[in-house]
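Colleague: I would like to go through this model with you, beginning with one helix and then moving on to the sheet. Please give the reasoning before each value or name.

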Amino acid sequence: MKSSINVLIVDDERYLADNLARLLNSRGFQAAAEYNGEDALQKVLQEQFDVIISDIKMPGMNGIELLMRLKKLSPHTEVIMLTGYADVETGNRAIREGAFDYLFKPVEDIELLADKIRETAKAKQIRKNPVLWPRKRIRDLSNIRFTPLVKESPLVKALELFDPAQSGTARERLHVTDFEGMLCGVITRSDLIRAAEENINKKVEWKDLLKNPGWLPDKKVKDNMSAHQGLYLYFDDRINSAAELMISNSIHYLPVIDFGYLKGIVRLKDILYYLDKGE
């Protein structure tokens, strides 16, 4: 059955772009491919796309420039960026410039990409047509079955939680607590990469760090974490306000606190699933 989700892949590596389009079409999406930013912009002028997936590093117009021009040309089109494992900061910049999310390249899990496209398209619908949620509270969707990371843990423990092969979940950042569960900071993939590079004095890619945890220094999480200054939700916040906050800021999960204590994590995908089911 054909999906109503129209997708454009933009990548100067033609084989990769064509292959992604083929795999997505085989899963019911309507996917096409372009091989540079200029042609992608012309394609958007001719046809409406729900989601655009663009590589960041391209000759001529790079992915960030394409993103910025797309947001002026077609503000309601959502963009997912593809970036290398060692270029997390560029991915974060893409989020600040209006991308919905970024994924690491090469895309080895096509089902993960397909789920991300569906989530992105749903967020686009909500941006254009805000929906009133029933007045349920965040506590009804908060996932309390998460593994907390205590600030006294060794850095290698953070690496284990970041590794989808061990934790079962792909994450960009982890929320850190003290022994009593008080939220006190965050640690990111970039923090671990930086710690490893300083320890072994050479450039480190994320995929290689996952295979070589010994590259990390014998330090604790608290030595490399940042103070928590980001957004968070309260246990009794309403779901509609949480959805608005997360979608408008392109945030895919937020910590839930109660009197400063970390009570769980809320994922945007769970809110969108909740909406789809009309609960």
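Modeller: This is a predicted model. On the other side of α2 from its buried residues, two residues are exposed. They are Leu45 and Gln46.

Colleague: Which residues of helix α2 are buried?

Modeller: Helix α2 spans residues 37-46. Buried here means under 20% relative accessible area. The residues of α2 that are buried are Gly37, Ala40, Leu41 and Val44.

Colleague: Why do Gly37, Ala40, Leu41 and Val44 count as being on the same side of α2, and what arc do they cover?

Modeller: The four buried residues of α2 are Gly37, Ala40, Leu41 and Val44. They lie on the same side of α2 because the arc they cover around the axis is only 100°.

Colleague: What covers the buried residues of α2?

Modeller: The buried residues in question are Gly37, Ala40, Leu41 and Val44. Their cover includes strands as well as a helix. Among the elements are β1, β2, β3 and α3.

Colleague: Which residue has a side-chain oxygen that reaches the backbone nitrogen of Glu38 at the start of α2?

Modeller: The backbone nitrogen of Glu38 has a side-chain oxygen within 3.2 Å. A polar contact requires N or O atoms within 3.5 Å. The residue that supplies the oxygen is Asn36.

Colleague: Now the sheet. What is the order of the strands in the open sheet of 5 strands?

Modeller: The sheet is open and its pairing is parallel. From one strand to the next, the twist averages 20°. The order is β2-β1-β3-β4-β5.

Colleague: Which strands stand at the edges of the sheet?

Modeller: An edge strand here has a single partner strand, so one side of it is left without a neighbour in the sheet. Two strands fit that description, one at residues 30-34 and the other at 101-104. They are β2 and β5.

Colleague: How many bridges join β1 to β2, and how many join β4 to β5?

Modeller: β1 and β2 run parallel, and one of their bridges pairs Leu8 with Ala32 in β2. Strand β4, residues 78-83, also runs parallel to β5, where Met81 stands opposite Tyr102. The counts are 5 bridges for β1 and β2 and 4 bridges for β4 and β5.

Colleague: Which way do the residues of β1 point, and how many of them are buried?

Modeller: Asn6, Leu8 and Val10 point one way from β1. Val7 and Ile9 point the other way. Strand β1 is mostly covered, and the number of its residues that are buried is 5 of 5.

Colleague: Is Val10 buried or exposed, and at what relative accessibility?

Modeller: Val10 is found in strand β1. Leaving aside neighbours within four places in sequence, the residues in contact with Val10 include Gly37, Ala40, Ile53, Asp55 and Leu66. Val10 counts as buried because its relative accessibility is 0%.

Colleague: How far apart in space are the C-alpha atoms of Val10 and Gly63?

Modeller: Val10 and Gly63 are 53 residues apart in sequence. In space, the C-alpha to C-alpha separation is 8.6 Å.

Colleague: Which strands does helix α3 lie across, and at what angle does α3 run to β4?

Modeller: Helix α3 comprises residues 63-73. The strands that α3 lies across are β1, β3 and β4. The angle to β4 is about 180°.

Colleague: Which residue makes a side-chain polar contact with Asp55?

Modeller: Asp55 is in strand β3 and counts as buried, because its relative accessibility is 5%. Beyond four places in sequence, Asp55 touches residues including Val10, Asp12, Gly63 and Met81. The side-chain polar contact is 2.8 Å, and the partner is Lys105.

Colleague: Which backbone nitrogen does the side chain of Asp191 reach?

Modeller: Asp191 is in helix α8, residues 189-200, and is buried at a relative accessible area of 9%. Its contacts outside four places in sequence are Val186, Asn224 and Ser226. The side chain of Asp191 reaches, at 2.9 Å, the backbone nitrogen of Thr188.

Colleague: What share of the residues in the protein is buried?

Modeller: The protein has 11 helices and 12 strands. Its exposed area is about 14500 Å², with carbon and sulfur atoms supplying 47% of that area. Of the 279 residues in the protein, the buried share is 47%.

Note on methods:
Residues are numbered from 1 along each chain as its sequence is written. This is a predicted model: local features need pLDDT of at least 70, side-chain atom pairs count only at pLDDT 80 or more; totals for chains, interfaces and linings use all residues. Side-chain values use heavy atoms; hydrogens and water are left out. Two strands pair if DSSP finds at least two bridges between them. Axes are lines fitted to C-alpha atoms, for helices over the stretch in contact, and angles run from 0 to 180 degrees between N-to-C directions. Contact means heavy atoms within 4.5 Å. Buried means under 20% relative accessible area, exposed over 50%, partly exposed in between (1.4 Å probe, protein chains only). A polar contact is a pair of N or O atoms within 3.5 Å; within protein, one must be able to donate a hydrogen and the other to accept it, and residues adjacent in sequence count only if both atoms are side-chain atoms. Accessible areas come from the Shrake-Rupley method with a 1.4 Å probe; for residues, only the protein chains shown count as cover. The arc is that of the directions from the helix axis to the C-beta atoms.
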